[in-house]
Amino acid sequence: MRWVIAAVVLNAALMYAIVLLQADTVVPLDNALISHYAGVTLEVVLLVSNIVTMRALDRGAAVVVGALLSARGGFSLAAAGFLMAPPLGKTKFAQSLSLTSPARKRLQRASPLWVVTELLKLATPFCAVALYSVARADFNDFTHCVYFTQDLDNGPVDRAFPTFEVESGVAEYVFGRSVGVMRSMDDSLNYSTAMYAPTLIAPFHDGDTLRGPGFTADISTRCVCARNASTAALEKAGVDATQSAAVLELYRAKQHEAGITFGVVSRNDSVEISNLLLGFYLCGGGRAEVDFPMVCSTRVWNHNRAELEIMFRTDGSVSSIAPNVVSLREIVGPADVSNFLAFGFNALVSGPVSYFHLPPLVPGSINPMLWWATPNLNNIDRALLNTGMETMYSVLFKAAIQRTYQSNAMRCPLMNVVISHMSSVRMGREGLIVAMGLLGVQLVVALAAMAAFGLWFLSPHPIGPAVRAATDYIYLLTLLAPTQMSMQLGELGNAETYSIWQELDVVVRIGESIHTLENPIGQLVIDKPSMVRPVKNGRKYI
């Protein structure tokens with residue numbers, strides 16, 4: 001019974017542990033230790049659970065066979081040999097019995113249960129390789145960083161750097177998740193949220209996370225084709241009426257050159273910017289009479305001061321350190337839009353109305369500012385243009401803050417993964433499916449074995465001797481010794497194993513011999529059912 005209880009508890013506990021591994025699970029061990037030994041340890045544990053389940057299955061089956069051998073009608077003694085056969089040999093054992101065997105059909109039907117449970121061992125490596133970990137740390141250190149604020153007393157200052165051209169050059173090194181929650185990365189969103197966290201001024205390690213004050217803003221873009229190249233058409237497509245004439249003049253002068261116009265308009269709680277994409281022929285052919293302007297209207301709103309966290313990545317060299325993922329911790333309060341954010345965008349793009357050339361910085365591709373609007377870096381996809389422009393403005397949002405907001409230096413809290421002794425462990429989806437399937441089957445087998453023990457508890461007569469005979473071949477031989485069958489076995493000293501069990505494949509009953517019922521001490525025997533009576537509690541037997 002202890003093997004059955006152990007199997008149920010172990011498989012249930014492992015299933016619970018695997019469920020926890022669906023999400024990142026923090027363990028107080030070094031990542032190097034987890035990476036080297038976690039997979040092997042998991043495989044060993046799963047193999048142990050399989051071995052324990054096999055033991056539980058054998059014990060449960062022994063109870064069933066013992067109950068049948070103790071029953072009034074008896075059962076074939078070959079069932080004991082079936083239990084003693086190895087798991088993958090049980091099918092062969094059942095097939096080796098005579099076609100007239102009283103137990104052949106039942107044993108053949110039961111044998112796949114052992115085969116399937118044993119073959120579950122082959123699935124354990126798939127679970128082991130699906131386990132992975134990353135170093136994790138609490139905020140256990142500090143580092144030097146630069147953050148920006150809005151100096152409401154003195155107002156914004158244009159430091160003349162960075163410029164739009166500079167941002168175009170570095171845009172190819174920007175990861176989408178490093179500038180916020182982008183709709184270009186998640187098409188289930190209705191708009192993008194730009195986030196600008198503190199900037200580091202000290203060496204970092206791969207995976208280190210910095211926390212500090214920053215800014216956020218929501219960004220949404222809508223791009224449409226103007227019906228024609230006129231001020232009325234541009235205004236209807238989204239260009240501000242006070243800027244449509246100047247924008248149209250730039251369009252007519254630069255329409256066949258790859259570039260972009262800007263028209264910045266400040267509202268009380270938002271900044272609205274219109275753009276014309278020139279030279280990409282998104283709304284018609286290359287001839288002026290059929291090439292209609294592509295107008296994109298972008299709104300930047302919900303500007304807030306916030307507490308942010310940003311993770312960095314690097315290949316180990318200082319020059320390769322780059323922002324990887326930024327996340328919002330909490331909103332601190334609203335930030336000034338009209339005096340600071342609008343001023344920053346105007347300073348960055350030389351607004352309110354301006355034009356910038358967008359040359360390809362990599363041969364054969366479009367300018368990196370528009371890479372999020374293209375599936376192949378060569379041509380703009382109209383379906384990706386809205387989300388791509390939102391990501392571009394997230395980059396410009398960061399540049400506008402760097403250029404005009406007040407800069408400050410401080411020591412920011414740091415998650416230092418190098419000095420940390422914690423890891424975040426997770427299992428891949430395929431490994432989860434395999435592990436849950438493996439443990440689920442083993443748990444069902446263990447529960448079935450536990451249910452089989454109900455036959456023992458509910459039996460009106462003790463079945464312990466029959467259960468022991470079904471699993472212990474020495475005890476079985478002891479019971480066989482005084483019977484007529486043992487004399488028949490004397491002629492099979494050089495026979496094959498299957499021949500011996502074919503000889504023992506007769507219906508018998510294990511219990512007290514009818515010849516000792518009147519004696520003070522009964523004798524346990526294996527004999528024909530009519531010659532055996534059930535064992536009784538409180539009576540002595542030999």
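The paragraphs below go from the chain as a whole to its helix packing and then to single residues. The structure is a predicted model, and the residue numbers count from 1 along the chain.

Taken as a whole, the chain has 16 helices and 20 strands. Its radius of gyration is 39 Å, well over the 24 Å that the globule rule gives for 542 residues, so the chain is more spread out than a compact globule. Along the principal axes, the C-alpha atoms fill a box of roughly 120 × 55 × 40 Å. Buried residues nevertheless make up 46% of the 542 residues, and of the contacts with a separation of 6 or more, 72% are between residues 24 or more positions apart.

The helix packing can be followed from the N terminus. Helix α1, residues 2-20, packs with helix α12, residues 429-458, at an angle of about 155°, and their axes are 9 Å apart. Because angles over 145 degrees count as roughly antiparallel, α1 is described as roughly antiparallel to α12. The crossing of α1 past α12 is left-handed. On the α1 side the contact includes Val 4, Ile 5, Val 8, Leu 14 and Ile 18, while on the α12 side Leu 432, Met 436, Leu 439, Leu 443 and Phe 453 are among the residues met. By class, this contact of α1 with α12 has 19 nonpolar and three polar residues, with no charged residues.

A second pair is formed by helix α10, residues 337-349, and helix α11, residues 382-404, which pack at an angle of about 100° with their axes 8 Å apart. The two helices are therefore roughly perpendicular to each other. Their contact is made by residues including Phe 340, Phe 343, Gly 344 and Leu 348 of α10, and Tyr 393, Phe 397, Arg 403 and Thr 404 of α11. The contact of α10 with α11 has 11 nonpolar, two polar and one charged residues.

Further along the chain, helix α13 (residues 464-471) and helix α14 (residues 473-480) pack at about 115°, with their axes 6 Å apart, and α13 passes α14 in a left-handed crossing. Here Pro 465, Arg 468, Ala 469 and Thr 471 of α13 make contact with a set in α14 that consists of Tyr 473, Tyr 475, Leu 476 and Leu 479. These residues divide into six nonpolar, one polar and one charged. The buried residues of α13 are Pro 465, Ala 466, Val 467, Ala 469 and Ala 470, and they pack against α2, α3, α12, α14, β16 and β18.

Several single residues also deserve a look. Ser 168 lies in helix α7, residues 164-170, and counts as buried because its relative accessibility is 5%, under the 20% cut-off. Leaving aside neighbours within four places in sequence, Ser 168 is in contact with Leu 361, Asn 367, Pro 368 and Met 369.

Two peptide bonds are cis. One joins Phe 161 and Pro 162, with omega about 5°, and Pro 162 is found in the loop between β4 and α7. The other runs from Gly 351 to Pro 352, with omega near 15°, and Pro 352 has its place in the loop between α10 and β13.

Positive phi values occur in residues other than glycine as well. Asn 302, in strand β11, has a phi of about 55° and, at 38% relative accessibility, counts as partly exposed. Leu 377, in the loop between β13 and α11, has a phi near 70° and is partly exposed, with a relative accessible area of 35%.

Conventions
Predicted model: local features only at pLDDT ≥ 70, side-chain atom pairs only at ≥ 80, totals over all residues. Heavy atoms only, no water. Axes fitted to C-alpha atoms, helices over the stretch in contact; angles between N-to-C directions. Helix = DSSP H or I, 4+ residues; strand = E, 2+ residues; numbered from the N terminus. Parallel < 35°, antiparallel > 145°, perpendicular 65-115°, else oblique. Left-handed = near helix turned anticlockwise from the far one by under 90°. Contact = heavy atoms within 4.5 Å. Nonpolar A, V, L, I, M, F, W, Y, C, P; charged D, E, K, R; others polar. Rg over C-alpha atoms; globule rule 2.2 N^0.38 Å. Buried < 20%, exposed > 50% of the residue type's maximum accessible area, 1.4 Å probe, protein only.
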